[in-house]
Amino acid sequence: MKKLLRPSVVTFAFLVPLSLALAACQKAAEAPAPQAAVAPAPAAAPAEPAAPAALEKTGKLNIFIWSAYLPKEVIDEFTAKTGIKVSFDLYDSNEALLEKLQSGVADYDIVVPSDYMVKILASQKLIQSIDHARLPNFSNLDPRFLNKKFDPNNEHSLPYFWGTTGFGYNKSKIKEPVDSWQVMFDPKHKGRILMLDDMRENFAVALKSMGKSLNDTDPADLKAASELLKKQKKLVKTYNSGDFANILASGDVDFAHGYNGQIAEVVRNSKGKLAYVVPKEGATFWMDNMAIPVKARNLEAAYEFLNFIMQPEVNAEIVNGVSYASANTPAKKFINPEILNDAAIYPGDDVIARCEFLEDIGDTTTVLDQYWTEIKAQ
Amino acid sequence: MSGPVDTRPPAPMVVERRFAWERFLLGTHSTFVYLFLYLPIVILVVFSFNESKQTAVWEGFTLEWYRHLMHNDLILRSVKNSLIVASITTVVATIIGTMVALALGRYEFRGKASVASVLYLPIIIPEIVIGAALVTFFGVVQLRLSLWTVVVAHVAFSISYVAIVVRARLAGFDRSLEEAALDLGAGPWATLWRVTLPLIGPGILAGALLVFTISIDDYVVTSFVAGVGATTLPLQIYSMLKVGVTPEVNAVSTLLILVTVVLIVLAQRLQQDPNQPGGGQ
C-alpha cells in the first residue's frame, strides 16, 4: 500500500494543477452547449451540470468497440441520415472495457461486451436497462440468441455478433477425416498444433474432449483436464491468441485452435487447402452484445443508433463488411450468399446445439489459474 | 576534459598479431548480435511490401498496403493521436524534468533527499500500477478521459526520465563557467541561456528523445487513461490483434521506424555542436 501511495507525492504534485486546469477548461467548454440546445433564453445563470444530456437529439455518439466490428460506410450513412457524428475507439479485451467503465469518467454511449462481461457489467451497475419500447427493430432479432443466461430477457444487452471457438486444420496435409478434439491430443501431430493462449478456452477443449461441460467445476474433472493439457503441451508448437489464423495459413502448424471469424477468413483465401471444424464433442459459443453504459451522455443517439443497425439492410451491410454472423433474421435476405453459406460463419443449429457459453465459474477460476500456471511453467 | 584518454599507454602491439580465428569469432559474434537485433525489423519492413494478406507467406512485391494505409482513417487517426501525445509530452516533460534536475543539481533544500529518491519511483513502479492509480485519480477529480488525460499521464511518468538523464549530465558540470559568465556581466537569464543550457543541451536532448520514444509506444498506461477519440497507435494495433495483424500494420511500423531513424540521426548531428568546447559565442 505504501508503495502505491508514494508516487502520488511527485506525480500528483505536477498532476493536480494540470488536471484541475484541464477539468476547468472542460467545464467552461461544456457549459454553453446544452444551454444553447435547450433554451434560447437570455444566458444568465451558469448552466447546471448538464442535467439529463439524454434530450440532445444530435450531437456526438461515442462508441467503444472491438476492432473491425463496424464498417466505416455504415457509420457514414448513420451520420448522413441523423446528423449525429460518431466517434469510436477500440479495445482489445473485455477487461479493458470493464476497467474503462469502472473509472466513471469515460464518456461512451455504446459498448460491445461479450456474453460473460455483460453479466459482470450489469451486476456492477455499469450498463443500464434497455427500454425495448424505444427499439421497434428489436423484433428483427433471432430468438435463438435472445434471453440467454448471462442476460435474462435482454434487459441490458442486444446480441450483435456470435460465433464459435473450434479449430482450423490443413486439409492438404491431413488426409483422414477430422471431426474431434482428439486430433489435438494425438502424438502423431507433435509440433504441428497451435492452441489459443487463453486459460478458459484451453480447459474448454480438455473438458469437452472428456465429454464434460466446459463450465464444469468438479475438482476431479478439472484435475484430469489439467493432466490432459499438461501432456498435450509436449505436442503444442505454440500458444497464440493473436496471429493463430496466419500461422495456420503459413503452414507452420497443421492444427490451430481459434475463433471462427479469423479462421474463416484464411479458409476462404486458401483455395480449399484449409478447413474450420467445430468438433463433435462441442465447443465454446460466444456472443458480443450492444449495451449502453449507465454514464452514457447521449442516450437519444444511442437508441437511434441501435435501431439503425438492427434494420435488415444496414445489418446485412455490416455482416458483409466484417464477415461475422449477426443475430438479425430479416437481414439474411441481404447478406452475401458466400458468407451466409459459409458453415464456419453461419453454422447450422446442430452445431450451435453442441456448443456452450463460457460462464463465470466463481472461485473455481483460482483453481484453473493454478493449473494453468503449472501447465505453462512446466 | 580529454585527460584520461591521453594518459593511457599506447595500444600494445599484441593487437596487431591477433589470431585470425579471434577476429573471426568476434566478427561472427557481432554479426549474430546485430542480426538478433535487426532481423525482426528487416523482416517487418520486407513484409510491408508483401502482396499476400497473410503476414507470413511471401507472394510478391506490392505498394498496395501503403496505398491502403493512406485510406485507412482509423490507423491514420491513431498515428496522428500518437504524434500529438508524444510531441506535447516531450516538450512539457522535458521542460519540467530539466527544471527538476537543475533544482536538485544546484540547490540545497529541505526534503531534497526524498525528492531525489522519489524521482525513481515512476520508473520502478510497474506501469500497470501507474495506470490504475492515474485512472482512479482522474475519477476522483472528475476529469473526463480524453486525449488530454493521456498527455497528462505521459507527462507524469516521463518527467523522471528527463530529470535523471539531465542530472547525470549536470554531475560533471563545471560551475566555475557559470560563475565566470556572471562575473563578466551576464545576467542570470543570459547565463542560463548562453552557458548552462548549451552545456547540458545534449542531456536535455537525450532525455527528450527518450521521452518521445517511450510516449509513442506506451501501451499499458495509455490503455488505462485513454478516452473518447484517444485511440493511439499502440492501442489500435493491439485491438487489431483480435482480427489478425494486416500488412497495413507493417507498413505503418515501417514509416514509424523511418521517422525514428531520421530523428535519431538528426539528434546525433545536433549533439555534436554543443560538445565543442567553445566558451561563449
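This is a walk through a predicted model, from a small sheet in chain A to the helices of chain B.

A little bookkeeping comes first. Residues are numbered from 1 along each chain as its sequence is written, while chains are lettered from A and ligands numbered from 1 in the order in which they are written. In this predicted model, local features need pLDDT of at least 70, side-chain atom pairs count only at pLDDT 80 or more, and totals for chains, interfaces and linings use all residues; side-chain values use heavy atoms, with hydrogens and water left out.

Let's begin with three strands of chain A. They form an open sheet in the order E2-E1-E3, and the pairing is parallel. Helices and strands here are DSSP runs numbered from the N terminus, with at least four residues (H or I) for a helix and at least two (E) for a strand. Two strands pair if DSSP finds at least two bridges between them. The edges of this sheet are strand E2 (85-91) and strand E3 (110-111) of chain A, each of which pairs on one side only. Seven bridges tie E1(A) to E2(A), and one of the pairs matches Ile63(A) with Phe88(A) in E2(A). On the other side, two bridges join E1(A), residues 60-66, to E3(A), where Val111(A) is the bridge partner of Phe64(A).

Two helices pack on this sheet. Helix H4 (residues 94-102) of chain A touches E1, E2 and E3 of that chain, and its direction makes about 145 degrees with that of E1(A). Helix H10 (residues 299-309) of chain A touches E1 and E3 and makes about 55 degrees with E1(A). Touching, or contact, means heavy atoms within 4.5 Å. The axes behind these angles are lines fitted to C-alpha atoms, for helices over the stretch in contact, and the angles run from 0 to 180 degrees between N-to-C directions.

Why is E1(A) described as largely enclosed by the rest of the structure? Because six of its seven residues are buried. Buried means under 20% relative accessible area, exposed means over 50%, and partly exposed is in between (1.4 Å probe, protein chains only).

Now zoom in on Val111(A), which sits in strand E3 of chain A. At 0% relative accessibility, Val111(A) is buried. Leaving aside residues up to four places away in sequence, its contacts include Phe64(A), Leu97(A), Leu101(A), Ile127(A), Asn289(A) and Met290(A). Val111(A) and Ile127(A) are 16 residues apart along the chain, with 8.9 Å between their C-alpha atoms.

Two of those contacts, Asn289(A) and Met290(A), bring us to strand E9 (residues 284-290) of chain A. Seven of the seven residues in E9(A) are buried, so this strand is largely enclosed too. In a regular strand, side chains alternate between the two faces of the sheet. In E9(A), Thr284(A), Trp286(A), Asp288(A) and Met290(A) point one way, and Phe285(A), Met287(A) and Asn289(A) point the other way. Seven bridges join E9(A) to E4(A), and these two strands run antiparallel; Pro159(A) stands opposite Asn289(A) there.

Asp288(A) deserves a pause of its own. Its place is in strand E9 of chain A, and it is buried at a relative accessible area of 2%. A polar contact of 2.5 Å joins its side chain to that of Tyr69(A). Such a contact is a pair of N or O atoms within 3.5 Å; within protein, one must be able to donate a hydrogen and the other to accept it, and residues adjacent in sequence count only if both atoms are side-chain atoms.

Next comes Gln128(A), in the loop between helix H5 (115-123) and strand E4 (158-170) of chain A. Gln128(A) is buried, with a relative accessible area of 17%. Its contacts beyond four places in sequence include Glu155(A), His156(A), Pro293(A) and Leu299(A). A polar atom of the Gln128(A) side chain lies 2.9 Å from the backbone oxygen of Pro293(A).

Finally, over to chain B, which has 13 helices and zero strands. Of the 281 residues in chain B, 41% are buried. Among contacts in chain B with a separation of 6 or more, 73% link residues 24 or more positions apart. For a single helix, look at H3 (residues 64-71) of chain B: its buried residues are Trp65(B), Tyr66(B) and Leu69(B). They cover an arc of only 100 degrees around the axis, so they lie on the same side of H3(B); the arc is that of the directions from the helix axis to the C-beta atoms.
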